[in-house]
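Me: I should like to learn how to read the features of a structural model. May we work through one together?

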Amino acid sequence: MPLPLGYKRRDAKKLEARRIAAMARMQRGVSTSAVARSLGVSIQSVQRWARTYRLHGKEGLRRLPKSGPHPKLSPQKLALLPRLLAQGPAAHGFDTPVWTSERIALLIWRHFRVRYSYEHVKRLLPGIGWKWHEHTWLPSKPTRANLPPKSW
């Protein structure tokens, strides 16, 4: 059974360092199975790294940039969205004080000219601190904009 790596999320720098360390051990004559056991990975992984190292050298073991399309909404614009949502639906011309996925998609289109499907809005909002609650979206944690003013 593989040993835990010591971190929960995949850290590209640590994974790259692990591959490079594995090849350094193999160059010193340590067996594939011993390297795999000491790093808590499969023998096949070490063999794949060794093949890549033979074909491409140390550069082949470097981390690769994330693949896939770039997000339509830049991180800077996405950071503005919670503030717009905190203003409430009425501030953006909606009749009732309820945020639905459809309304949020429309808000994103109006402010940023980026079209998202209603389903994608459901995947997008938890990442900015909003959660789904009985047919509406609510902030996960109370923010200053959502709290009533203090009355002493």
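**A residue, a helix pair and a pocket**

Reply: We may begin with the contacts of one residue in this predicted model. Leaving aside residues up to four places away in sequence, Glu16 touches Leu61, Arg62 and Arg63. Glu16 itself belongs to helix α1.

Me: Is Glu16 buried or exposed, and why?

Reply: The test is a cut-off: a residue counts as buried when its relative accessible area is under 20%. Glu16 has 13% relative accessibility, so this residue counts as buried.

Me: How are α1 and α3 oriented with respect to each other?

Reply: One reads the angle between the helix axes, and 65 to 115 degrees counts as roughly perpendicular. The axes of α1 and helix α3 (residues 43-56) cross at roughly 80° and come within 10 Å. The two helices, α1 and α3, are therefore roughly perpendicular to each other. On the α1 side, the contact is made by Arg18, Arg19, Ala22, Met23, Met26 and Gln27, and on the α3 side by Val46, Trp49, Ala50 and Tyr53. Sorted by class, the contact of α1 with α3 has 7 nonpolar, 1 polar and 2 charged residues.

Me: How much space lies in the largest pocket, and which residues are the closest to its centre?

Reply: A pocket is read through its volume and its lining. The largest pocket holds about 340 Å³ of space. Its lining has 13 residues, of which Ala12, Leu15, Arg19, Arg63 and Leu64 are the closest to the centre.

Me: What classes make up the lining of the largest pocket, and which element gives the largest share?

Reply: The lining divides into 7 charged, 5 nonpolar and 1 polar residues. Helix α1 (residues 12-27) gives the largest share, 4 residues.

How values were computed. Residues are numbered from 1 along each chain as its sequence is written. This is a predicted model: local features need pLDDT of at least 70, side-chain atom pairs count only at pLDDT 80 or more; totals for chains, interfaces and linings use all residues. Side-chain values use heavy atoms; hydrogens and water are left out. On a 1 Å grid over the protein atoms alone, a cavity is a set of points where a 1.4 Å probe fits but cannot get out, and a pocket is an open set with protein on both sides within 12 Å along at least five of seven lines; lining residues have an atom within 4 Å of a point. Grid points are joined across faces, edges and corners, and a volume is the space filled by probe spheres set on the points. Ala, Val, Leu, Ile, Met, Phe, Trp, Tyr, Cys and Pro count as nonpolar, Asp, Glu, Lys and Arg as charged, and the others, Gly among them, as polar. Buried means under 20% relative accessible area, exposed over 50%, partly exposed in between (1.4 Å probe, protein chains only). Contact means heavy atoms within 4.5 Å. Axes are lines fitted to C-alpha atoms, for helices over the stretch in contact, and angles run from 0 to 180 degrees between N-to-C directions. Angles under 35 degrees count as roughly parallel, over 145 as roughly antiparallel, 65 to 115 as roughly perpendicular and the rest as oblique.
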